[in-house]
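Here is a short briefing to read alongside the structure. Take a moment to look it over, and then follow the notes below.

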Amino acid sequence: MAPSSVGPLPTPAPTPVDPDAAFIASMLGCGEWLCPLERIWEVYMWCLLPLGASVVALIFVVFLKWTLNKRRVGKDIDIPKLDVLAAKVKSGSKAFLKEEYKYLSVFVALLAIVLGVLYIVMPVAGKTADAWDDGFRIAGVFVTGALLSAAAGWMGMMVATDGNVRTTVACKTGTLNDGLQVAFTAGSVMGFTVVGLGLFGISTMLWLMMVNRTSQQSMQLMAGFGFGASAIALFARVAGGIYTKAADVGADLVGKVEAGIDEDDPHNPAVIADNVGDNVGDVAGMGADLFESYVGSIIAAATIGSKFPGNAGYSHIALPLWLATVGVVCSLIGYFAVSTKQEGKGWDVKLSALMWALEKGMYVAGFLFVGASAGCTVILFNSDYGWKVYGCIIIGLFSGVAIGKVTEYFTSFDFGPVISIKDRAYTGPATVVIQGLGVGMISTVPPTVILIACILSCNALVGSYGVAIAAVGMLATLGITLATDAYGPVADNAGGLAEMAGLGPEVRAKTDSLDALGNTTAATGKGFAIGSAVLTSLSLLVAFKSQVGTGLHFHVNDSVLLSGLLFGAMLPYLFSALTMISVGKAAAEIIEEVRRQFREVKNANGRTLREAIEMASAGVEIPEDEDVTPDSDKCVQISTRSSVKEMLAPGIYAVFAPLIGGFWLGPRFLMGLLSGAIVSGAMLAIMMSNAGGAWDNSKK
């Protein structure tokens with residue numbers, strides 16, 4: 001609903017201007033020589049401010065990288081083995097992403113051609129003279145969204161693999177706070193890269209799409225940007241998840257269970273692949289995932305806002321872009337609040353106290369954002385309606401915080417759910433599995449209640465735009481929120497390097513403390529991503545309905561819509577089944593390879609890898625020249641090949657199922673399909689994420 005109380009913007013009259021103004025208009029993207037000044041104002045409001053914020057974020061990324069590079073590495077403390085091990089992890093991560101992106105480039109190119117043809121045949125500009133170029137526009141924004149999403153994952157992964165060895169050295173030579181600062185700096189590169197590239201892509205593409213197109217037409221074309229980001233996020237998540245879990249299962253089952261060695265023992269051939277998986281799955285995959293959610297929330301809110309008439313439309317489109325702009329600045333300030341005075345005591349650390357070290361930064365950013373978003377709202381909506389919009393922003397922000405705290409409760413070993421799983425271990429693995437599943441299922445209740453309250457309250461205040469802007473409020477400070485998530489794999493890798501390099505127990509105690517925190521922040525980040533994805537998906541669903549809903553009725557008792565609802569509810573389960581089967585296949589290959597190396601890999605004296613493990617387990621000191629070195633590259637190759645091959649089936653089906661359903665059975669079936677997938681996918685994701693995090697910390 002477009003209220004009459006929305007404050008108008010000072011839009012000049014659309015009259016011809018002098019040559020100097022005409023030149024400015026042409027530079028700003030107006031399609032004609034004499035452009036209305038209101039068009040210049042739109043470009044300034046919608047594009048220049050977020051573009052400036054993106055530049056600030058990317059400059060800050062350069063500063064973080066420079067800060068990280070000043071930290072010492074293994075050779076600086078006379079332990080060059082650390083650098084060798086870190087180089088293996090980095091080369092394995094690069095090899096995987098190159099292989100993955102090789103396949104994705106073909107997929108993106110083909111899909112861009114399909115989209116281009118569709119929009120040439122059915123342009124958004126109707127029958128205007130230049131409508132034919134809509135196909136090139138949509139293909140361009142789609143490819144740009146895909147490229148920036150892939151770039152965010154690549155840049156974050158590269159810095160994370162540089163940060164792991166520096167975190168280990170910081171824990172070796174300094175305090176727990178030193179290690180925390182290094183790991184968090186590496187994670188922050190991922191966070192600010194995502195928001196920087198996201199805002200840069202949205203502002204520049206929107207600028208270009210506005211040439212000779214109305215605001216509604218421009219936002220329809222901008223949907224291609226979000227689609228491109230989604231395509232990369234889907235495959236990055238699937239392939240990265242298969243890689244990391246297959247390597248994890250292979251390393252743990254044969255290493256810890258069968259051979260009885262430590263988790264990151266250097267004799268385990270799969271341990272490098274395990275550490276590579278942390279980077280490609282939890283850094284590159286999560287980065288691409290949240291890049292899609294971030295840009296999707298902004299585009300969804302702006303698309304709904306473009307339906308408002310006149311000056312109200314300007315304000316509704318500008319608000320999500322302005323919120324993202326001030327969110328970058330607030331996150332940047334919050335970065336400098338992260339620190340801890342806790343000592344590293346391994347798994348005996350008080351996790352809630354250590355969690356506060358990271359939460360300080362998020363709370364500072366959130367507090368600043370509360371004030372900054374109020375300023376944006378007053379400028380754009382100087383009315384009572386504006387304060388209702390502001391209420392939706394704050395509801396979204398605090399809903400994200402609440403979901404994070406609930407996730408922390410269910411996955412931190414300071415609290416009852418994880419302790420209950422640990423206690424079931426006294427009666428065997430079967431009761432551990434049963435208790436973990438129960439904890440995961442019951443953990444869906446609080447986030448669901450929070451999301452329902454958020455959706456209903458925002459809808460009551462402002463309607464569908466309120467839900468969309470709540471998603472933007474939840475993701476506005478993504479720069480620091482994602483930093484706390486990406487910090488986890490860096491800390492995990494740091495502990496692995498410390499174990500493989502044979503550093504002392506005091507170093508491992510510090511890295512274990514950081515790793516324990518990382519397990520919780522990873523689960524918290526997943527909960528945050530799921531919650532924001534639900535709100536964004538609902539907003540996109542509203543935009544879809546408004547686009548195709550003319551003359552159509554979407555009633556739940558409609559047999560076509562109900563059939564789509566059932567089919568959509570099934571899709572996340574099929575998707576999960578395919579990915580789990582893929583993990584099983586890939587893990588089986590790694591398990592067989594590790595067992596083979598235990599039997600067959602020998603040193604010059606004929607000692608097998610199994611014999612070296614038995615000697616080390618018995619406490620026998622093995623000279624370096626008499627030790628047996630496993631072929632870790634082989635396991636990395638198996639993981640890379642298997643995960644990339646296995647990502648195709650679930651990824652392609654997830655993309656084409658709604659397309660086939662929509663073209664074959666129509667928009668009512670597609671509406672039901674999308675609704676069912678959102679609901680069942682959210683529940684399944686929360687359950688699996690929290691159960692996994694709880695199991696992971698309970699075993700420690």
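Let's start at one residue: glycine 584 sits in helix α17, which covers residues 559–600. Please keep in mind that this is a predicted model. From glycine 584 we move to the aromatic pairs, and then to the chain as a whole.

**Glycine 584**
- Is glycine 584 buried, partly exposed or exposed? Its relative accessible area is 38%, so glycine 584 counts as partly exposed, because that class lies between the 20% and 50% cut-offs.
- The C-alpha atom of glycine 584 is 6.9 Å from that of alanine 246, although 338 residues separate the two along the chain.

**Aromatic pairs**
- The count of aromatic pairs comes to 18.
- One of them joins phenylalanine 142 and phenylalanine 227, whose ring centres are 5.3 Å apart. The planes of these two rings meet at 50°, so the pair is tilted, because tilted pairs are those that are neither under 30 degrees (stacked) nor over 60 (edge-to-face).
- This pair links distant parts of the chain: phenylalanine 142 belongs to helix α4 (residues 134–173) and phenylalanine 227 to helix α6 (residues 215–259), with the two positions 85 residues apart.
- The two partners have their own exposure classes: phenylalanine 142 is buried at 0% relative accessibility, whereas phenylalanine 227 is partly exposed at 30%.
- Phenylalanine 567 and phenylalanine 669 also make a tilted aromatic pair, with 6.0 Å from centre to centre and 40° between the planes.
- Which helices does this second pair tie together? Phenylalanine 567 is in helix α17 and phenylalanine 669 is in helix α21 (residues 667–698), so the pair connects parts that lie 102 residues apart in sequence.
- Helix α17 is also the home of glycine 584.
- Phenylalanine 567 has a relative accessible area of 34% and is partly exposed, while phenylalanine 669, at 9%, is buried.

**An aromatic cluster**
- Phe60, Phe63, Trp66, Phe184, Phe192, Tyr335 and Phe336 come together in one aromatic cluster.

**The whole chain**
- How many helices and strands does the protein chain have? There are 21 helices and 0 strands.
- Of the 700 residues in the protein chain, 58% are buried.
- Taking contacts between residues at least 6 apart in sequence, 84% join residues at least 24 apart.
- The protein chain exposes about 26,900 Å², and carbon and sulfur atoms supply 66% of that area.

Methods:
Residues are numbered from 1 along each chain as its sequence is written. This is a predicted model: local features need pLDDT of at least 70, side-chain atom pairs count only at pLDDT 80 or more; totals for chains, interfaces and linings use all residues. Side-chain values use heavy atoms; hydrogens and water are left out. Helices (H or I, at least four residues) and strands (E, at least two) are DSSP runs, numbered from the N terminus. Buried means under 20% relative accessible area, exposed over 50%, partly exposed in between (1.4 Å probe, protein chains only). Rings of Phe, Tyr and Trp (its six-membered ring) pair if their centres lie within 6.5 Å; planes under 30 degrees apart count as stacked, over 60 as edge-to-face and the rest as tilted. Contact means heavy atoms within 4.5 Å. Accessible areas come from the Shrake-Rupley method with a 1.4 Å probe; for residues, only the protein chains shown count as cover.
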